[in-house]
Amino acid sequence: QVQLVESGGGLVQAGGSLRLSCAASGRTLTMGWFRQAPGKEREFVAAISMSGVSTYYANSVKGRFTISRDNAKNTLYLQMNSLKPEDTAVYYCASNQYSGSVYSPSGYAYWGQGTQVTVSS
């Protein structure tokens, strides 16, 4: 069993930065960040392999967001720079991708409760 707790969300102006953290308890494998805006489906943002060597990004965040992990602290991060109003959403941490594609939320076994990110124009 893995428990995930996100933190670091908040309100920021367009062009600003935020750093999300996801503290995990238990053994984690491939982990990812997803987001869900009101009235929209949950969408993939970024993922990282257990070793941290392989990373994956949605085209919409590539070059602006960076995913990383500190396995000694069992913590996942998402550095978000050059934020845009369209990045506004609840951001979820997911862990232990076990089937299908890293890009699909259905393949992850554990989820955090989410943290709100709001980007004002």
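How many bridges join E9 to E11, and in which sense do these strands run? Three bridges join E9 to E11, and the two strands run antiparallel. Keep in mind as you look around that this is a predicted model. The tour below starts with the strands, moves on to the disulfide, and finishes with rings, charges and a few single residues.

**Strand E11 and its partners**

- Strand E11 covers residues 115-120, and one of its residue pairings with E9 is easy to find: Ala89 stands opposite Val117 in E11.
- E11 also pairs with strand E2 (residues 10-13), this time in the parallel sense, over four bridges.
- To see this second pairing in the model, look for Val12, which stands opposite Val119 in E11.
- The two faces of E11 are unlike in their surroundings: Thr115, Val117 and Val119 make up the covered face, while Gln116, Thr118 and Ser120 make up the uncovered one.
- Thr115, a residue of strand E11, counts as buried because its relative accessibility is 11%, and buried means under 20%.
- The side chain of Thr115 also reaches the backbone nitrogen of Gly9, at 3.3 Å.

**A four-stranded open sheet**

- Elsewhere, four strands form an open sheet; reading across, the order is E1-E3-E8-E7, with antiparallel pairing.
- Strand E1 (3-7) and strand E7 (65-70) stand at the edges with a single partner strand each, so one side of each has no neighbour in the sheet.
- On average, neighbouring strands of this sheet are turned by 15 degrees against each other, direction ignored.
- At one edge, E7 is joined to strand E8 (residues 75-80) by six bridges, and these two strands run antiparallel.
- Phe65 has Met80 in E8 as its bridge partner.
- Like E11, strand E7 can be read face by face: Phe65, Ile67 and Arg69 are on its covered face, and Thr66, Ser68 and Asp70 are on its uncovered face.
- E7 and E8 form a hairpin with four residues between the strands, and in this hairpin Asn74 takes a positive phi near 55 degrees.

**The disulfide**

- A search of the whole structure turns up one disulfide.
- This disulfide joins Cys22 to Cys93, with 2.1 Å from S to S.
- What does the link tie together? Cys22 lies in strand E3 (residues 18-25) and Cys93 lies in strand E9 (residues 89-97), so the pair ties together parts that are 71 residues apart in sequence.
- The link of Cys22 and Cys93 is left-handed, with -75 degrees about the S-S bond.
- Are these cysteines buried or exposed? Cys22 is buried, with a relative accessible area of 0%, and Cys93 counts as buried at 0% relative accessibility.

**Aromatic rings**

- The count of aromatic pairs comes to six.
- One of them is the pair of Phe44 and Tyr103, which is edge-to-face, with 4.8 Å centre to centre and 75 degrees between the planes.
- This pair links distant parts of the chain: Phe44 is in strand E5 (residues 43-48), Tyr103 is in the loop between E9 and strand E10 (108-111), and the two are 59 residues apart.
- Phe44 counts as buried at 10% relative accessibility, whereas Tyr103 is partly exposed, with a relative accessible area of 44%.
- Both residues belong to one aromatic cluster, formed by Phe34, Phe44, Tyr56, Tyr103, Tyr108 and Trp111.

**Charges over rings**

- The charged end of Arg19 sits over the ring of Tyr77, 4.0 Å from the centre of that ring.
- Another arginine to look for is Arg42, which lies over the face of Tyr92 at 3.8 Å from the ring centre.

**A loop residue to find**

- Where is Glu86 placed? Glu86 is in the loop between E8 and E9.
- Glu86 counts as exposed because its relative accessibility is 56%, and exposed means over 50%.
- Glu86 and Ser120 are 34 residues apart along the chain, and their C-alpha atoms are separated by 9.3 Å.
- Ser120 itself is one of the residues on the uncovered face of E11.

How values were computed. Residues are numbered from 1 along each chain as its sequence is written. This is a predicted model: local features need pLDDT of at least 70, side-chain atom pairs count only at pLDDT 80 or more; totals for chains, interfaces and linings use all residues. Side-chain values use heavy atoms; hydrogens and water are left out. A disulfide is a pair of cysteine sulfur atoms within 2.5 Å. Buried means under 20% relative accessible area, exposed over 50%, partly exposed in between (1.4 Å probe, protein chains only). Two strands pair if DSSP finds at least two bridges between them. Axes are lines fitted to C-alpha atoms, for helices over the stretch in contact, and angles run from 0 to 180 degrees between N-to-C directions. Rings of Phe, Tyr and Trp (its six-membered ring) pair if their centres lie within 6.5 Å; planes under 30 degrees apart count as stacked, over 60 as edge-to-face and the rest as tilted. A charge sits over a ring if NZ of Lys or CZ of Arg is within 6 Å of the ring centre and within 35 degrees of the ring normal. A polar contact is a pair of N or O atoms within 3.5 Å; within protein, one must be able to donate a hydrogen and the other to accept it, and residues adjacent in sequence count only if both atoms are side-chain atoms.
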